[in-house]
Amino acid sequence: MPKVTAIPNGPLVAEDIPDFILPDGTKTHPKEKLFLCRCGQSKNKPFCDGAHKDAGFDSSPDPERAEKYDRGYSYAGKDVTVHFSKLLCSHAGECGKRAAHIFNVKEKPWVKPDEGTLDQIKEVVANCPSGALRFEQNDGPEAITDDAVKIEVEKNGPYWVRNVDTNSNYWADGQSEKKYVLCRCGLSKNKPFCDGTHYEQNWIADV
């Protein structure tokens with residue numbers, strides 16, 4: 001069964017992943033086990049080379065961060081309501097790339113459901129790698145399913161995970177266990193999950 005395990009103060013161990021996609025888009029069919037760097041210090045990124053030991057990597061999350069940001073925001077439109085979890089956002093920017101007229105962080109409110117179509121909102125939510133964005137139609141919820149089992153490595157960003165079980169003692173309010181992002185820069189305060197700190201700190205993967 002596909003799974004990824006966060007080793008305390010160590011790497012991520014990914015097992016039985018059918019598709020592992022590198023930042024340049026290369027698809028690989030990996031070995032039974034992959035050891036993935038999450039301290040941000042490996043010289044063989046995205047793979048672990050043991051650098052976490054010399055770096056004194058601490059994988060403990062910051063409970064105050066979760067307490068401060070684990071809250072949901074809802075933006076109601078005429079036909080659809082968009083929900084957003086700040087704690088989960090990895091700043092991938094897919095929302096602004098795909099529908100800036102609906103999702104614009106320079107405006108308040110930054111989500112305006114009535115400025116676009118339902119199909120555009122569906123596309124954005126489907127492509128939000130972290131699951132920070134969700135939606136429901138006002139006449140009843142509609143589930144979006146994606147059966148792909150994969151891990152995709154974002155350039156200078158986290159691991160995008162789909163339909164892979166993982167171990168975590170804490171799941172944020174509304175967080176999907178089927179679609180989430182895992183930190184690989186070592187800076188997140190919501191480990192093992194990404195909290196967007198790589199973006200704020202302009203983290204660059206040197207390899």
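Start by selecting Pro-46, which sits in the loop between β5 and α1 (51–55). The model you have open is a predicted one. Now add Lys-45 to the selection: the peptide bond joining Lys-45 and Pro-46 is cis, with omega at about 5°. Most peptide bonds are trans, and most residues other than glycine have a negative phi. Keep both habits in mind for the next few stops.

**More backbone surprises**

Select Lys-108 and Pro-109 next. The bond from Lys-108 to Pro-109 is also a cis peptide, with omega near -10°. To place Pro-109, look in the loop between α3 and α4 (118–127).

Then go to His-91, in the loop between β7 (80–85) and α3. His-91 is not a glycine, yet its phi is positive, about 60°. Its relative accessible area is 33%, so His-91 counts as partly exposed.

Asn-202 is another stop of this kind, with a positive phi near 55° in a residue other than glycine. You will find Asn-202 in the segment after α5. With a relative accessible area of 58%, Asn-202 is exposed.

**Into the pocket**

Return to His-91 and turn on a surface. Rolling a probe the size of a water molecule over the atoms shows where empty space is left. The largest pocket holds about 660 Å³ of space. Which residues lie nearest the centre of the largest pocket? They are Phe-84, Cys-89, His-91, Val-105 and Trp-110, out of 30 lining residues. Colour the lining by class and you should see 18 nonpolar, 6 polar and 6 charged residues.

Now colour α2 (63–69), β6 (72–76), α3 (94–99) and α5, each of which supplies at least two residues of that lining. The largest share, 4 residues, comes from α3.

**A cavity**

Searching the whole structure turns up 1 cavity of 30 Å³ or more. The space inside the largest cavity is about 30 Å³. To find the spot, select Gly-157, Pro-158, Cys-183, Arg-184, Cys-185, Cys-194, His-198 and Trp-203, which line the cavity. By class, this lining divides into 5 nonpolar residues, 2 polar and 1 charged.

**A sheet of strands**

Switch to a cartoon view and look for an open sheet of 4 strands, in the order β5-β2-β1-β11, with mixed pairing. β5 (33–36) and β11 stand at the edges with a single partner strand each, so one side of each has no neighbour in the sheet. Strands of a sheet pair through backbone hydrogen bonds, either parallel or antiparallel. For a pair to inspect, select β1 (residues 3–6) and β2 (residues 12–15): these strands run antiparallel and are joined by 4 bridges. Within this pair, Ala-6 stands opposite Leu-12 of β2.

**Two loop residues to finish**

From β11 (165–166), follow the chain into the loop that leads to β12 (179–182), and stop at Gln-175. Is Gln-175 buried or exposed? Gln-175 counts as buried, because its relative accessibility is 11%, below the 20% cut-off. Show its side chain: one of its polar atoms lies 2.8 Å from the backbone nitrogen of Ala-172. Leaving out residues up to four places away in sequence, Gln-175 touches Leu-88, Tyr-180 and Phe-193.

Finally, select Leu-187, in the loop between β12 and α5 (197–200). Leu-187 is partly exposed, at 34% relative accessible area. Beyond its neighbours within four places in sequence, Leu-187 is in contact with Thr-197 and Gln-201. As a last exercise, draw a distance line between the C-alpha atoms of Leu-187 and Val-124: these residues are 63 apart along the chain, and the separation is 26 Å.

Note on methods. Residues are numbered from 1 along each chain as its sequence is written. This is a predicted model: local features need pLDDT of at least 70, side-chain atom pairs count only at pLDDT 80 or more; totals for chains, interfaces and linings use all residues. Side-chain values use heavy atoms; hydrogens and water are left out. Buried means under 20% relative accessible area, exposed over 50%, partly exposed in between (1.4 Å probe, protein chains only). A polar contact is a pair of N or O atoms within 3.5 Å; within protein, one must be able to donate a hydrogen and the other to accept it, and residues adjacent in sequence count only if both atoms are side-chain atoms. Contact means heavy atoms within 4.5 Å. Two strands pair if DSSP finds at least two bridges between them. On a 1 Å grid over the protein atoms alone, a cavity is a set of points where a 1.4 Å probe fits but cannot get out, and a pocket is an open set with protein on both sides within 12 Å along at least five of seven lines; lining residues have an atom within 4 Å of a point. Grid points are joined across faces, edges and corners, and a volume is the space filled by probe spheres set on the points. Ala, Val, Leu, Ile, Met, Phe, Trp, Tyr, Cys and Pro count as nonpolar, Asp, Glu, Lys and Arg as charged, and the others, Gly among them, as polar.
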